[in-house]
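User: Please take a close look at one strand of this model and its pairing partners. Then follow the connections outward, giving the cut-off behind each term.

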Amino acid sequence: MSKWVEGTVVKLRRWTDKLYSLQLTADIVPFTAGQFTRLAMDIDGERVARPYSFVNGPDNPLLEFYFIIVTDGPLTHHLINLEAGDPVFIAPRGAGFFVLDEVPEADTLWMLSTGTAIGPFLSILNTDVVWQRYKKIVLVHAVRTREELTYHEEIEALLAAHPEQLQMIAFVSREDAGLAIQGRVPDAIENGALEARAGIPLMAGTSQVMICGNPGMVRDTSAVLEARGMKKNKRREPGHITTEQYWKDTD
Ligand SMILES: Cc1cc2nc3c(=O)[nH]c(=O)nc-3n(C[C@H](O)[C@H](O)[C@H](O)COP(=O)(O)OP(=O)(O)OC[C@H]3O[C@@H](n4cnc5c(N)ncnc54)[C@H](O)[C@@H]3O)c2cc1C
Ligand SMILES: NC(=O)c1ccc[n+]([C@@H]2O[C@H](COP(=O)([O-])OP(=O)(O)OC[C@H]3O[C@@H](n4cnc5c(N)ncnc54)[C@H](OP(=O)(O)O)[C@@H]3O)[C@@H](O)[C@H]2O)c1
């Protein structure tokens, strides 16, 4: 199979002046929820490719990717110029291990995301298996401003379909938070605010935690969980924490 498949843009959803979702169709190999693929465009004679997590569930043929325009980022500025009918290159196979097969069973699955990293969790929540494996699921979306709390309709539909099982907890860090928790996820774990809001203990015996997005958040959240006796999941040594970061930690 060739390295790239040519997909066709169906729609570019605009959430804010920085946040967009690209919907496209393409003849790709089935992927596992939580995985990413690569999107590419030819820019100034060069093919520029970057990894993006699938937002759609694996059974949905309308592929969706949620991204933020990064200042001086080579690809994202071009992705927002795409229109319905335009071609876009996509790697035909999903990749990565941020998938439920790598996460042991538990009573509660905590899904902790910053910014665009809510995407892989929406994909996982659009499978049957996640609802069979975990009694409770807590989806956390941490953003800078309230307008960045996107995908309301999709989340409302999931909450309506699984009212006893699913909770959604939002964090807003840089303005009045309204109904969301003010601040950052690791602080709210350390001071008990996240568990208090969920009404569920976050502890090794009963919880699995998936963390995705900003590498600083992944690092700091892993550290507070490790201080509570939770450990990273390894194939030969199951633990409680499974992570994926969207860029390299420079701190
Ligand atoms: C496994 C994996 C999955 C990814 N999935 C997504 C996704 O679903 N949605 C998405 O928006 N990005 C995702 N990314 C990041 C994405 O691949 C690009 O790096 C990003 O879209 C910027 O591309 P760029 O060419 O404009 O700039 P780049 O040169 O790739 O990035 C420049 C800098 O921008 C910052 N940055 C990159 N991505 C983000 C981001 N998402 N949020 C905040 N700051 C960022 C970092 O500081 C990075 O060094 C993923 C990355 C990895 C490794
Ligand atoms: N969102 C915007 O309006 C905006 C504007 C200009 C540029 N950008 C650029 O766009 C990119 C993505 O922005 P984004 O807003 O999606 O993502 P982001 O910067 O990763 O912020 C998302 C959330 O993660 C939190 N966070 C950051 N570091 C953390 C840590 N170590 N521990 C716990 N939580 C942490 C942030 O809190 P804090 O707010 O406390 O950091 C915020 O609530 C960045 O490269 C940024 O430079 C974004």
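Analyst: Strands β2 and β5 pair in the antiparallel sense over six bridges; two strands count as paired if DSSP finds at least two bridges between them. Strands (E, at least two residues) and helices (H or I, at least four) are DSSP runs, numbered from the N terminus. Within this pairing, L19 stands opposite I68 of β5. The model is a predicted one, in which local features need pLDDT of at least 70 and side-chain atom pairs count only at pLDDT 80 or more, while totals for chains, interfaces and linings use all residues. Residues are numbered from 1 along each chain as its sequence is written, and chains are lettered from A and ligands numbered from 1 in the order in which they are written.

Strand β2, residues 19–25, also pairs with β1, residues 5–14: six bridges join the two, which run antiparallel. Here R14 has Y20 of β2 as its bridge partner. The connection from β1 to β2 is a hairpin of four residues. The two faces of β2 differ in cover: Y20, L22 and L24 form the covered face, and L19, S21, Q23 and T25 the uncovered one. For burial, a residue is buried if 20 or more other C-beta atoms lie within 10 Å of its own, exposed if 12 or fewer, and partly exposed in between, with C-beta atoms placed from the backbone.

The partner strand β5 leads on to the domain arrangement. The domain assignment gives domain 1 (5–90) and domain 2 (100–245), with bounds from an automatic or database domain assignment. Their contact takes 15 residues from domain 1 and 13 from domain 2, where contact requires C-beta atoms, placed from the backbone, within 7 Å. On the side of domain 1 that touches domain 2, strand β5 (residues 63–68) supplies the largest share, three residues. By class, this side has nine nonpolar, six polar and no charged residues; Ala, Val, Leu, Ile, Met, Phe, Trp, Tyr, Cys and Pro count as nonpolar, Asp, Glu, Lys and Arg as charged, and the others, Gly among them, as polar. Over C-alpha atoms, the domain centres are 24 Å apart.

Strand β5 appears again at ligand 1. Of the 21 residues around ligand 1, R50, F67, G73, L75 and T76 come nearest; a residue is near a molecule if its C-beta atom, placed from the backbone, lies within 6 Å of it. The elements that give two or more residues to this shell are β4 (46–53) and β5. The shell of ligand 1 divides into 12 nonpolar, seven polar and two charged residues. Because domain 1 and domain 2 both give residues to this shell, ligand 1 lies between them.

Ligand 2 is surrounded by 18 residues, the closest being G115, S173, N214, G216 and M217. Its shell draws at least three residues from each of domain 1 and domain 2. Strand β8 (136–143) and helices α5 (185–190) and α7 (215–227) each supply at least two residues, and α7 gives the most, with three. The classes in the shell of ligand 2 are seven nonpolar, six polar and five charged.

Strand β8 also belongs to an open sheet of six strands, in the order β10-β9-β8-β7-β11-β12, with parallel pairing. Its edge strands, each pairing on one side only, are β10 (181–182) and β12 (241–245).

Methods:
Two residues are in contact if their C-beta atoms, placed from the backbone, lie within 7 Å.
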